[in-house]
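Please open the model in your viewer and keep the sequence beside it, since this tour moves from one selection to the next and asks you to look at side chains along the way.

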Amino acid sequence: KGPGAFQIGGNSVRDICRGLRDNAVRLLSLRGCRLCDRDFGRICRALAGATSLAQLNLNLGVVSSPSRIKQLAEALRTNRSIQSLFLHGSPLTDAGLALLNPALALHPALVALDLGDCMLGDEAINLICGLLPPDGAKSGLKELTLSANPGITPKGWSRLAIAVAHSSQVRVLNLDYNPLGDHVAGMLAVAVASSRTLEVLDLEGTGLTNQSAQTLLDMVENYPTALRSLVLAENSISPELQQQICDLLSEGEEEEEVAGGAGDTQEWERGREPAAHQRGSSSWMCPSDPSSQMVLMTSGLGDSLLAETEM
């Protein structure tokens, strides 16, 4: 809720709710929007029964109170369609995630979750590990973002590393801007070496040194992994080591492509930026979103239900 946040209400909220009830919306982005508690509750009740909604972006403080967390949890208990849920920048804390967790754990379609900058600690990590079930136990997350949660201790990160090592499904793990340090990075290297699916690991700005980079280089050089991208920017790591790691990962990806191993791996859209509007799907984006120049709602046939509004 920064000074540039956009207030929505009235007709906009009615149109959103109608679109959700009519199953005409696939993507709903309220990123950084301000709306009153009553309107937030109306939207939650509408999305509870929505069957077409695949992506819900509530980044940057939309879920701003315990009462809103409870309303969202209630909606998620009923909803069966949401695949991606973005809550980056929401003051959830461990207590708030505990309220959401039962609905997240039982959701049949959820594969991408952004809990970056949500004031989480070790108790939250224990809950999140439950969303990363051991091999084949049940469906679980494929993309997890935990950026900028400095309250998580090395004990919490070690538990997450173990869960990732034993999960057969996590493909993208974003841990940037956490004070991890070399010790935690070593545990993550073991997790990467053990995982059969982890393709992207973001460790930007996590307090790493050449010691971590050397461990990661040895891992990439000597052990076959699924890893394709390792982000090490804004760490005390020499450009030479970063380049060596990048070159090795690029070689591995090229070999997979030659062998036809690239396949049809789906890339899950990240919550930091709203997804692009896709033909044949529908969306509603708050105009406070810096990458969106309009508010747009469309039907499955592409007919406009809400006039485009230039910023």
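Which residues are linked in a network of salt bridges? In this predicted model, the network joins R38, D39 and R42, and the stops below take its members in turn before moving on to another pair.

Begin by selecting D39 together with R38, and show their side chains, which meet in a salt bridge with a nitrogen-to-oxygen distance of 4.0 Å. D39 has a relative accessibility of 6%, and it counts as buried because that value is under 20%. R38, by contrast, counts as exposed, because its relative accessibility of 61% is over 50%.

Now keep D39 selected and add R42, whose side chain meets that of D39 in a salt bridge of 3.2 Å, again from N to O. If you colour residues 37-48, you will see helix α2, in which R42 and D39 both lie, three residues apart, or about one turn of the helix. R42 is buried, with a relative accessible area of 19%.

Next, move along the chain to residues 66-78, which form helix α3, and pick out R77 and E74, again three residues apart and about one turn of the helix. Their side chains meet in a salt bridge, with 2.6 Å between N and O. R77 is partly exposed, with a relative accessible area of 41%, and E74 likewise counts as partly exposed, at 47% relative accessibility.

To place these stops in context, remember that the structure holds five salt bridges, including the one between R77 and E74.

Key. Residues are numbered from 1 along each chain as its sequence is written. This is a predicted model: local features need pLDDT of at least 70, side-chain atom pairs count only at pLDDT 80 or more; totals for chains, interfaces and linings use all residues. Side-chain values use heavy atoms; hydrogens and water are left out. Buried means under 20% relative accessible area, exposed over 50%, partly exposed in between (1.4 Å probe, protein chains only). Helices (H or I, at least four residues) and strands (E, at least two) are DSSP runs, numbered from the N terminus.
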